[in-house]
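Here are a few exercises to try with the viewer open. Have a go at each one before you read its solution.

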Amino acid sequence: MTTTMGTATRGQRTTVYVVICVVLVISMVAALLVVPTPAPTDEAEQKADEFIAALQQAGAVHVPSQEQVVGVLGEDGGAVCAGPNEALNQAQLQAQLSNGSGGPGTRPVIADSKVLQGGRLIVQIYCPDQLAAYQEFIEGLLTADVAGG
């Protein structure tokens with residue numbers, strides 16, 4: 001069995017690279033033109049305003065803009081309402097309530113009770129049918145007024 005060595009010249013390789021780059025650029029431009037960007041709906045803006053007002057009432061210091069909330073949560077609560085009571089989502093939330101260390105140094109912490117209020121407000125406004133189970137889950141977590149505010 002024998003193998004042959006490639007004998008492409010530098011010019012041929014350059015041509016191939018240029019053609020590949022041109023095809024990639026054309027593909028990216030086509031994707032930007034073809035994939036529609038959804039326009040914010042009245043319902044999404046109304047829910048965003050309701051969420052922002054609820055955050056302000058809860059005493060949040062930094063409140064996102066309506067545009068940010070609409071972009072992330074849309075009309076249906078986005079990823080937050082895509083199964084907040086499923087085991088994987090609950091495990092991810094619990095993993096975020098840790099000391100931030102990686103690997104064997106990771107330890108759960110007593111998080112501030114205000115940390116979970118934003119998620120509860122999202123579920124309450126965007127997917128109220130899942131609120132009871134979510135509320136039961138977060139009430140089972142160990143929290144305290146540790147930030148002093």
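**Exercise 1.** Which residues have the most contacts inside the largest nonpolar core?

*Solution.* First, some ground rules: this is a predicted model, where local features need pLDDT of at least 70, side-chain atom pairs count only at pLDDT 80 or more, and totals for chains, interfaces and linings use all residues. Residues are numbered from 1 along each chain as its sequence is written, and side-chain values use heavy atoms, with hydrogens and water left out.

Next, the term itself: a nonpolar core is a set of buried Ala, Val, Leu, Ile, Met, Phe, Trp, Tyr and Cys residues joined through side-chain atoms within 4.5 Å. Buried means under 20% relative accessible area, exposed means over 50%, and partly exposed is in between (1.4 Å probe, protein chains only).

Now pick out the residues: Phe51, Val69, Leu93, Tyr126, Ile138 and Leu141 have the most contacts inside the largest core, which has 24 residues. Helix H2 (42–57), H3, H5 and H6 each supply at least two of the core residues, and H2 gives the largest share, six residues. Helices here are DSSP runs (H or I, at least four residues; strands are E, at least two), numbered from the N terminus. As background, nonpolar side chains tend to be buried together in soluble globular proteins.

**Exercise 2.** Find the disulfide and work out what the pair ties together.

*Solution.* Start with the cut-off: a disulfide is a pair of cysteine sulfur atoms within 2.5 Å. That rule gives one disulfide. Its partners are Cys81 and Cys127, with sulfur atoms 2.1 Å apart.

Then place them: Cys81 lies in the loop between helix H3 (66–73) and helix H4 (87–96), and Cys127 in the loop between helix H5 (117–126) and helix H6 (131–139), so the pair ties together parts that are 46 residues apart in sequence. For handedness, check the torsion about the S-S bond: at about -75°, it makes the disulfide left-handed. Both Cys81 and Cys127 are buried.

**Exercise 3.** Which side chains meet in a salt bridge, and how many residues apart are they?

*Solution.* The test is a side-chain nitrogen of Lys or Arg within 4 Å of a carboxyl oxygen of Asp or Glu. The structure holds one such salt bridge, between Lys47 and Glu43 (3.4 Å, N to O).

Count along the chain: the two are four residues apart in helix H2, so about one helical turn separates them. Finally, compare their cover: Lys47 is buried at 14% relative accessibility, whereas Glu43 is partly exposed at 38%.

**Exercise 4.** What does the chain look like over residues 15–35, and which residues form a nonpolar patch on the surface?

*Solution.* Begin with the record: an unreviewed UniProt entry lists residues 15–35 as "transmembrane region"; such annotations may be inferred rather than shown by experiment. Over that stretch the chain is 95% helix and 0% strand, with the end C-alpha atoms 30 Å apart.

For the patch, take residues with over 30% relative accessible area and no salt bridge, joining nonpolar side chains (Val, Leu, Ile, Met, Phe, Trp, Tyr) within 5 Å and like charges within 9 Å. Val25, Met28, Val29, Leu33, Val34 and Val35 form a nonpolar one, with about 620 Å² of accessible area together (Shrake-Rupley, 1.4 Å probe).

Zoom in on two members: Leu33, in helix H1 (residues 10–34), is exposed at 71% relative accessible area. Val29 is also in helix H1 and is partly exposed at 43%.
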